[in-house]
Structures are given as C-alpha cells and as structure tokens.
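User: I'd like to get to know this model piece by piece, with the cut-offs spelled out as we go. Let's begin with its backbone.

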Amino acid sequence: MHLSEKVQLGSKAIASLLPQGFTPEIGIILGTGLGGVSQAVSSPTQIPYAEIPEYPLSTVASHTGRFIFGSLGGRNVVVQEGRCHLYEGYSPEEVTRGVRIMAALGAKTLIVTNAAGSLDPLIPAGSIMTITDHINFTGQSPLAGLPEIPGLDRFPDMSAPYDQRLLELAHKKALELGMRLEKGVYLGLLGPQLETRAETRMFRAWGADAVGMSSVMEVIAARHLKMKVLGLSTLSNQNLPDGMAEVTLEEIIETSKKTAANLEKLLLALLPEL
C-alpha cells in the first residue's frame with residue numbers, strides 16, 4: 001500500500017469518529033513524560049492508535065498511544081499522545097504518519113515537544129527550551145524514496161524549519177508568565193542507547209544545546225507539508241562530558257513530569273494567538 005493511501009485510510013477512519021464539522025487547526029505531539037498536557041483538552045474525542053487502520057503502535061511504556069481531538073486554549077487541536085521512534089524499529093514513514101494524518105485532517109501548525117538531555121552547562125535539567133534549529137544525526141529522512149507529489153517540493157528548504165514568529169511568541173508569553181525559557185539547537189539521534197562522553201563532547205562542539213531521539217523526522221515531514229512548526233524541549237537531564245552520571249529512563253520521565261505543568265501553562269497562553 002502506497003504511503004498516501006495509508007495516510008488517506010487513517011485520516012478517513014479518524015474523520016468518521018470526530019464530531020461533525022470538527023477540523024483541527026493545530027497538531028501537538030507530546031513527548032516522554034508530557035502526557036498530562038492532554039488532560040487539559042476539553043470535549044475530548046479519544047482515538048487509540050489500535051483503532052486506526054495501518055497505524056503503527058508505540059512500544060514505549062510511557063507513551064499512551066492515542067490521538068485526542070478537542071479544544072485547548074480556545075483552539076481546535078489534535079494531540080498525539082505518544083509517538084513512534086526510529087529506535088523501535090519503525091521506518092521514517094511510520095514515525096511521521098501521525099504528522100501526515102494531522103495535515104490531511106486540516107492542521108496547519110505543528111507543536112512538537114520532547115524530553116531531551118541538556119548539553120549546555122548553563123541550562124539545567126528541568127528547563128524548557130525552544131528549538132531554534134536542529135541537527136539530523138539519525139542518518140535517515142522521511143522524504144527519502146517519496147515520489148514527486150503535486151503541490152509539494154521534493155527538495156524542501158530547511159534553512160528555517162522552526163517558525164520565527166512562533167519562537168518569538170513563545171518567548172513573549174513566557175516573559176508574561178514570569179517563566180524562564182531557554183533557546184537552542186536540538187540534535188536528533190537514532191538511539192536507543194544514551195550518549196557516550198566522547199559523543200557528548202562532539203555534539204557540543206557541533207553547536208548542539210540538547211540531544212534526544214525524536215522530533216527531527218516529524219519536523220522534516222511537517223515542513224515538507226508546509227506546516228508551521230514550533231519545537232519545545234523539556235530538558236530532563238544534563239549531559240556534561242567531564243562529569244557525566246548514569247541516568248535512567250525513570251529519572252527522565254520523572255523530571256519531565258515535573259516540568260510538564262510549566263509547559264501546559266505556556267501552551268495555554270500560546271494557543272489563542274497562534
């Protein structure tokens with residue numbers, strides 16, 4: 001089955017389950033430990049991935065695996081609670097199918113969130129960082145092998161994948177909330193192993209401020225679809241090559257959960273003006 005057919009099949013199945021006339025304006029992808037944001041969605045319609053034809057299922061315990069449609073901050077949203085990752089053995093096409101379905105249902109803006117490790121000694125764990133740019137170190141692309149698609153660029157420009165107006169708006173709202181908001185470059189890895197000291201030192205020398213195992217595939221797909229993108233990382237641990245300590249997934253999830261309340265406040269302030 002061709003990619004577009006799988007997207008069409010999934011989007012039609014979802015549309016048949018939504019309230020009549022509902023069209024999502026904004027898609028939000030929730031990262032590790034950030035599922036609490038979905039509880040703020042009012043009048044929710046919840047659709048588990050298992051009920052969507054040809055849709056990949058997340059194998060990560062901390063990722064619920066469902067779409068939630070409803071209202072958040074006065075806007076019609078679709079929240080993807082739980083994502084699929086390359087390290088689970090999924091292809092870039094499978095990892096980004098959710099983004100393509102969001103776009104097929106009408107979403108024009110994507111807010112992608114993730115849990116990441118800070119590479120900057122001045123940005124501590126527990127911070128929220130807007131992503132100003134990214135480095136794709138996965139060795140893969142969701143666009144590789146795609147045929148020419150009418151209306152879309154086969155070679156989309158990636159000089160500014162994250163929308164400048166949305167970045168400025170996020171920092172403006174954080175200032176109004178009295179919330180410190182960092183900014184920096186996100187580096188995406190294949191995973192699932194965490195970084196060595198030497199890798200961490202190299203990534204920092206490349207100009208990366210945070211490192212994680214998601215998001216870059218989704219952002220590339222979104223920009224291919226001409227969606228505006230805002231990226232937000234919750235920094236769950238700090239990777240300093242000369243003082244690295246062991247970190248567990250449980251610790252990452254716990255720190256992300258503590259940061260989620262601030263992320264929810266920021267999203268609720270942002271959404272009305274997107």
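User: Between which two elements is the loop that holds Pro192?

Analyst: A quick note before the loop: this is a predicted model, in which local features need pLDDT of at least 70, side-chain atom pairs count only at pLDDT 80 or more, and totals for chains, interfaces and linings use all residues. Residues are numbered from 1 along each chain as its sequence is written, and side-chain values use heavy atoms, with hydrogens and water left out. Helices (H or I, at least four residues) and strands (E, at least two) are DSSP runs, numbered from the N terminus. Pro192, joined to Gly191 by a cis peptide bond with omega of about 5 degrees, lies in the loop between β7 (182-188) and α5 (197-206).

User: Glu54 is not a glycine, so to speak of its backbone: what is its phi?

Analyst: Glu54 sits in the loop between β2 (42-48) and β3 (66-72). Its relative accessibility is 40%, so Glu54 counts as partly exposed, on a scale where buried means under 20% relative accessible area, exposed over 50% and partly exposed in between (1.4 Å probe, protein chains only). Its phi is positive, at about 60 degrees.

User: Is Ser215 buried or exposed?

Analyst: Ser215 belongs to the loop between β8 (210-212) and α6. Phi of Ser215 is positive, near 80 degrees, in a residue other than glycine. With a relative accessible area of 2%, Ser215 is buried.

User: On the other side of α6, which residues does Lys226 touch?

Analyst: Lys226 comes just after α6 and has a positive phi of about 65 degrees, in the loop between α6 and β9. Its relative accessible area is 48%, so Lys226 is partly exposed. Counting contact as heavy atoms within 4.5 Å, and not counting residues up to four places away in sequence, Lys226 touches Gly151, Leu152 and Asp153.

User: How many residues of α6 are buried?

Analyst: Helix α6 covers residues 216-224. Among its buried residues are Val216, Met217, Glu218 and His224. The helix is mostly covered, and of its nine residues the number buried is eight.

User: Which helix gives the largest share of the largest nonpolar core?

Analyst: A nonpolar core is a set of buried Ala, Val, Leu, Ile, Met, Phe, Trp, Tyr and Cys residues joined through side-chain atoms within 4.5 Å. The largest one has 69 residues, and those with the most contacts inside it are Ile14, Ile28, Phe67, Phe69, Ile111, Leu230 and Leu232. Its largest share, six residues, comes from α6.

User: How many residues does the second core have?

Analyst: This core is separate, and its members include Leu119, Phe203, Ala208 and Val211. Its residue count is six.

User: How many bridges join β5 to β9?

Analyst: Strand β9 (residues 228-238) has nine of its 11 residues buried, so the rest of the structure largely encloses it. Two strands pair if DSSP finds at least two bridges between them. On one partner, β6 (residues 128-136), three antiparallel bridges link to β9, with Thr130 opposite Leu232. On another, β5 (residues 109-118), which runs parallel to β9, the number of bridges is 10.

User: What is the volume of the largest cavity?

Analyst: Here a cavity is a set of points, on a 1 Å grid over the protein atoms alone, where a 1.4 Å probe fits but cannot get out; lining residues have an atom within 4 Å of a point. Grid points are joined across faces, edges and corners, and a volume is the space filled by probe spheres set on the points. The whole structure has two cavities of 30 Å³ or more. For the largest, the volume is about 80 Å³.

User: Which element gives the most to the lining of that largest cavity?

Analyst: The lining has 14 residues, with Leu86, Met213, Ser214, Ser215 and Met217 nearest the centre. They divide into seven nonpolar, five polar and two charged, where Ala, Val, Leu, Ile, Met, Phe, Trp, Tyr, Cys and Pro count as nonpolar, Asp, Glu, Lys and Arg as charged, and the others, Gly among them, as polar. With three residues, the top contributor is α6.

User: And how much space lies in the second largest cavity?

Analyst: Its lining includes Leu143, Pro147, Arg154 and His224. By class, the lining holds five nonpolar residues, one polar and three charged. The space inside is about 60 Å³.

Note on methods:
On a 1 Å grid over the protein atoms alone, a cavity is a set of points where a 1.4 Å probe fits but cannot get out, and a pocket is an open set with protein on both sides within 12 Å along at least five of seven lines; lining residues have an atom within 4 Å of a point.
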